[in-house]
Amino acid sequence: MTKGEIEQTQIDLEQAQSVLAENVASEYKNGGDQILEVILGSSDFDDLISRVFYIDKVSEAQAEAIEEVRTLQDQLIEQQQNEQEMIDDLQSRVDAAAENQESAQALVSSLSAEVRAQLEAEAAENAALAAGIQSAEDAEDENSLRGQTVENANDSHEEEADDQPAAPSNPGNSGQDDEDQDSGNQSGGGTSSVGGSALSIALGQIGMPYVYGGESVAEGGFDCSGLVYYAYTQLGYTSIPRTAGAQAAWVKQNGRWTTNVSELQYGDLVFYSGHVAFYVGNGQVYGAWRQGRPAGYGGIYECGQPYGGGNV
């Protein structure tokens with residue numbers, strides 16, 4: 001029931017009451033004279049009957065007016081009651097919503113600092129979950145290729161990884177003068193021409209954020225295999241696969257492959273379980289790392305033991 005309908009009913013009622021009041025007032029003032037005039041002014045019995053019938057019709061009209069007023073009054077009362085019920089129902093819902101909000105706020109306020117910290121930690125883990133999906137998928141592709149587990153590799157190379165030097169200031173020269181470098185740095189021998197060109201393109205993205213699934217500058221960052229994919233497609237190698245495991249199989253099928261890190265050349269791709277990077281010499285690699293760590297340099301064993309590498 002709308003407010004407009006109630007207002008219209010009130011207007012109709014007021015009009016009906018006004019008409020009835022006028023009729024009653026007129027009847028009150030003239031009623032006695034009319035009856036006397038009917039009786040005395042009748043010319044014969046039939047005329048008297050006609051005049052009495054006329055008075056009766058007038059009374060019926062007044063009765064209808066009274067009934068209309070009563071009907072409109074009842075209708076208005078019903079409309080007002082319905083409106084009040086709607087208002088009461090709406091207020092009940094508002095009160096219930098406010099009560100629920102207060103209960104929720106009280107529950108949050110009652111949580112201890114320890115529980116809040118635990119919830120925040122779980123939220124952070126969920127945010128980091130997406131970043132690890134790519135590595136998990138790559139690891140599944142590479143299970144048949146790796147020579148040993150990451151755990152055993154980390155144990156056997158723990159001392160060597162801790163002694164890795166800083167990233168070279170000029171990676172392009174890192175593959176030359178092998179005899180001037182310590183053999184423990186796995187400097188490699190020579191330079192991969194294709195890999196060197198791809199690495200030059202990848203180096204142009206140094207500092208770019210890690211973005212899961214990212215494979216172009218337009219996406220604002222790269223994941224590990226996405227950066228390799230971007231660099232090679234810029235050189236026209238459109239057949240290179242997208243994931244690290246598939247890229248390793250691609251290199252093995254189409255080019256030079258080695259499982260000896262001492263044979264890696266500047267620009268070669270280095271493959272790990274769930275990860276890929278560019279070899280830059282002097283025991284260092286370059287690539288997209290993980291969530292929160294932008295594209296840059298790192299030690300060759302920071303991601304565990306590489307199971308192989310090479311180039312097309």
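In this predicted model, the buried residues of helix H6 are covered by elements that include helix H7 (224-234) and the strands E5 (275-281), E6 (284-287) and E8 (308-311). H6 itself spans residues 193-203, and its buried positions are Val194, Gly195, Gly196, Ala198, Leu199 and Ala202. An α-helix has 3.6 residues a turn, so residues three or four places apart point the same way.

The strands that help cover H6 belong to an open sheet of six, ordered E3-E8-E4-E5-E6-E7, with antiparallel pairing. Strand E3 (256-258) and strand E7 (296-299) are at the edges; each has a single partner strand, so one side of each lacks a neighbour in the sheet. From one strand to the next, the twist averages 35°. Within the sheet, E4 (residues 269-272) and E5 run antiparallel and are joined by four bridges. Phe271 stands opposite Val276 in E5. Helix H7 packs on the sheet, where it touches E4, E5, E6 and E8, and its direction makes about 60° with that of E5. Helix H8 (residues 244-254) lies across E3, E4, E5 and E8 and runs at about 130° to E4.

Salt bridges add further links, and the count comes to five. One of them pairs Arg242 with Glu215, with the closest N and O atoms 2.5 Å apart. Arg242 is in the loop between H7 and H8, whereas Glu215 is in strand E1 (residues 215-216), so this pair ties together parts that are 27 residues apart in sequence. Glu215 is partly exposed, at 29% relative accessibility. A salt bridge also joins the side chains of Arg256 and Asp268, at 2.6 Å from N to O. Because Arg256 lies in strand E3 and Asp268 in the loop between E3 and E4, the pair connects parts twelve residues apart in sequence. Arg256 is partly exposed, with a relative accessible area of 29%, while Asp268 is buried at 0% relative accessibility. Glu215, Asp223 and Arg242 are joined into one network by salt bridges that share partners. In another salt bridge, the side chains of Glu302 and Arg293 meet at 2.9 Å, N to O; Glu302 is partly exposed at 46% relative accessibility.

The cysteines are a separate matter. A disulfide is a covalent bond between the sulfur atoms of two cysteines. A search of the whole structure finds zero disulfides. For Cys224, the nearest cysteine sulfur is that of Cys303, 8.3 Å away, and the sulfur nearest to that of Cys303 is in turn that of Cys224. Cys224 is buried, with a relative accessible area of 4%, whereas Cys303 is partly exposed at 25%.

Definitions and conventions
Residues numbered from 1 in each chain as written. Predicted model: local features only at pLDDT ≥ 70, side-chain atom pairs only at ≥ 80, totals over all residues. Heavy atoms only, no water. Buried < 20%, exposed > 50% of the residue type's maximum accessible area, 1.4 Å probe, protein only. Helix = DSSP H or I, 4+ residues; strand = E, 2+ residues; numbered from the N terminus. Contact = heavy atoms within 4.5 Å. Pairing = 2+ DSSP bridges. Axes fitted to C-alpha atoms, helices over the stretch in contact; angles between N-to-C directions. Disulfide = S-S within 2.5 Å. Salt bridge = Lys/Arg side-chain N within 4 Å of Asp/Glu carboxyl O.
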